[in-house]
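Biologist: I would like a close look at a single part of this protein rather than a tour of the whole chain. Please keep it plain.

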Amino acid sequence: MWKSYRTKALLASTACCLAFASADAQERNAYFGQTHQHTSWSLDAYILGNTITGPEEAYQYSMGQTIKHPAGYDVKITTPLDFQGVTDHSEYVGVIRLANDPNSPLSKLPVAAKLKVTPENSAVKIFQWLAGSIAHNEPIKELLDPSVMNSVWKHNNAIADKYYKPGEFTTFCSYEWTSMPQSQNMHRNLFFEDCAKVPEAPFSAIDSDHPEDLWNWMDGQRKAGNELLAISHNANLSNGIMFPIEVDSKGKPIDAAWAQQRMTNEPLTEIKQVKGTSETHPDLSPNDEFAGYEIMSYLIGIDNSFSKLNGSYTREAYQNGLAMQATRGYNPYKFGVVGAGDAHNTATAYTHSNFFGDHALVDATPESRLAGNIASGMDVLKTGPSGLGGVWAEENTRESIFAAMQRREVFGTSGVRIKVRLFGGWDYDKGLLSQADWVKTAYAGGVPMGGDLAAADGKVPSFIVWAVKDPADGNLDRIQIVKGWTKDGQIFEKIFDVAWSGDRQPDPATGKLPPVGSTVDITKATYTNDIGAVELKAVWTDPEFDASQHAFYYARALQIPTPRWSTYDAAKLGILPPSNAPATVQERAWSSPIWYTPTEAEIAKAKPGSTVADLLKGGATALGDDELKQLVVGKTLKVRNTVTDQTSDVLFGLDGQRIITELNGGLPKAGELLQVMHTSVSGSSASYEIKDGQIVTTIEGTPFELTVYRSGDKYIAARSNEFGYANYEVVGAER
């Protein structure tokens, strides 16, 4: 069995595009687990008031036992988990908690005196000392001594082994690497396949806060026989640096080796957790009516802050990865998705109806959660229940679940236990889902989520989607397929409704499916399952497939509306729900994508776009600052996007502001502005300046540059984030 799992993992890591049609693959089950959990061993959890419960209690809770919330009351999970990794911060892990435990060996060491909480030496003061040493790159040597660090890590792993029950409950030796340069989230959770082969100590952000150094360490562990992987999280709070497209964290140009190393070490990312959703943002996906789900965007520890959108969300990363593949020959962003927690209570809440906060004493009561408090930049009202990770694995063991993670046959949920499946192939029959053994046929004729769909001449891909509701929660509204593709350096997306409940029909003019409706009584925080479906499934063929374009597809299953936790809390207090938070939510599940890569022959059939290199080869010259000012300042430029053929009127004001005044001869709509030259996708004006031969402006807070070239009697422009293509022609200018 070990050889079977090992082979699958290795095939997945090299982006194998073949399905595993073995009996094992056909009999894979969905297992739900937690890959991101903090206990009192994490420094921040301790100062938030979680001072008693540790990794043991975390596993006990996940197995269905009652434990104490940091505020002193009992908490119990609604439905036990199948697997878990406790991921306390590796930076000075456990030192405060264990130094204050008289039964701990750490409490007997001389350094423990500096860590013991007294009236004169508060937990906050101790935390400031420890955190300050990390921030100023002045590590406390006594706490990095092997007698401290190695013993805590060994204790952590012994606890994981103690609670490992193969076939019943799987635990992993795991931890969090907590890199946060300038308050920008770059955290990763690391999971080891075998607790018997872990290193003597974890690699922490004290060793380095660069992911490239973490990957080098991981590569070394792998060579030593320690198989491991990393799961990035909270990309939404990374200020755009989680998914870069030009340079790495050290300022070096991204190349194929960087892309391969990232894919090898980070096959997964979190798509939903307590601090928001990282799928997409309404300003990145204005045509996606469900894009605004549990959105948070700030810099950790900084009040009134904002995290840049571009480079911070998984869907855009998938799209940019396609563009990088098409233009540079490599894609660093072919990762799967899981939902997870990041709760600092030792116990994690997964349901809105049984929500007890995420951050110890900060949000331990309904009153505190609804008070509108801001804690270290985090709006407590915008936090929520944990997501869940789902894996399709042969059995509930470390080897099987780890292999599923490596091959990316995983999915994420917002906390509910929706099971979702996605397969892609070229010859799926429309009636396939009526067969009892459809899963066997799906594996044999294609690839599951996380796979690569090999090209097939003259054929159009079909996808099997299936979802079944959480038995203890709301019915299902619909299943959607999210498609992304790239052309000439530009990125695109479209949402397709492929299966839905009831007798609704898409609007013939817009193609939009009507809402499922709602049974929620907001004042009572109740709902019924009188609408929606228990199960949804479909075989869907892409009606807009272009064999020459790189593409990805993933499934998103939505529940019917149910009360949000803030509505449940308001009902408990006998007050109306807060007006600055949604009263209801449509919980959901996301599959990992399936990727399509065209053959060179198919690419050659498409009409090539114009690149900057083409322009320069043809004798074009870039305009300087004075020429740019003469061309644009105080004028309205009519610009044609040569990829989409859209035209737009862009007013560059004398006051340093620019705005789109017209699109295709009419008033612009927010959803139509994604590919317009230098627009703000929300439709608002933005500042611009001319310097160093470029028009510099922003799109939703992220700076971009536009270079304009004179080519004969034409002006052609190239945007800095379109991978070397020059996609905009200036067809007129008026004062």
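Which strands does helix α14 lie across, and at about what angle does the helix run to β16?

Modeller: A caution before the details: this is a predicted model. Helix α14, residues 438–445, lies across three strands, namely β16 (419–425), β17 and β19. Its direction is at about 45 degrees to that of β16.

The strands under the helix belong to an open sheet of four strands, in the order β17-β16-β19-β22, and the pairing is antiparallel. At the edges are β17 (446–448) and β22 (535–541), each of which pairs on one side only. From one strand to the next the sheet twists by 15 degrees on average. Within the sheet, β19 (residues 462–468) is joined to β22 by seven bridges, in the antiparallel sense. In that pairing Ser-462 stands opposite Thr-541 of β22.

Now for the side chains between helix and sheet. A search of the whole structure gives 31 aromatic pairs. One of them is formed by Phe-423 and Trp-438: the ring centres are 6.3 Å apart and the planes stand at 90 degrees, so this pair counts as edge-to-face. Phe-423 belongs to strand β16 and Trp-438 to helix α14, so the contact between the rings ties together parts that are 15 residues apart in sequence. Both residues come out as buried because the cut-off is under 20% relative accessible area: Phe-423 has 1%, and Trp-438 has 11%.

The pair also has a wider setting. Ring pairs link Phe-423 and Trp-438 with Phe-32, Trp-392, Phe-411, Tyr-443 and Trp-466 into a cluster. By residue number, Tyr-443 falls within helix α14, and Trp-466 falls within strand β19.

Elsewhere in the chain, two rings have a charged side chain over the face. Lys-483 is placed over Trp-485, at 5.1 Å from the ring centre, while Arg-719 is placed over Phe-704, at 5.9 Å from the ring centre.

As for the chain around this part, it holds 18 helices and 36 strands. Buried residues account for 60% of its 735 residues. Its radius of gyration is 26 Å, which agrees with the value near 27 Å for a compact globule of 735 residues. The C-alpha atoms fill a box of roughly 80 × 60 × 60 Å along the principal axes. Of the contacts between residues at least 6 apart in sequence, 71% join residues at least 24 apart.

Methods. Residues numbered from 1 in each chain as written. Predicted model: local features only at pLDDT ≥ 70, side-chain atom pairs only at ≥ 80, totals over all residues. Heavy atoms only, no water. Pairing = 2+ DSSP bridges. Helix = DSSP H or I, 4+ residues; strand = E, 2+ residues; numbered from the N terminus. Axes fitted to C-alpha atoms, helices over the stretch in contact; angles between N-to-C directions. Contact = heavy atoms within 4.5 Å. Phe/Tyr/Trp six-rings, centres within 6.5 Å; stacked < 30°, edge-to-face > 60°. Buried < 20%, exposed > 50% of the residue type's maximum accessible area, 1.4 Å probe, protein only. Lys NZ or Arg CZ within 6 Å of the ring centre and 35° of its normal. Rg over C-alpha atoms; globule rule 2.2 N^0.38 Å.
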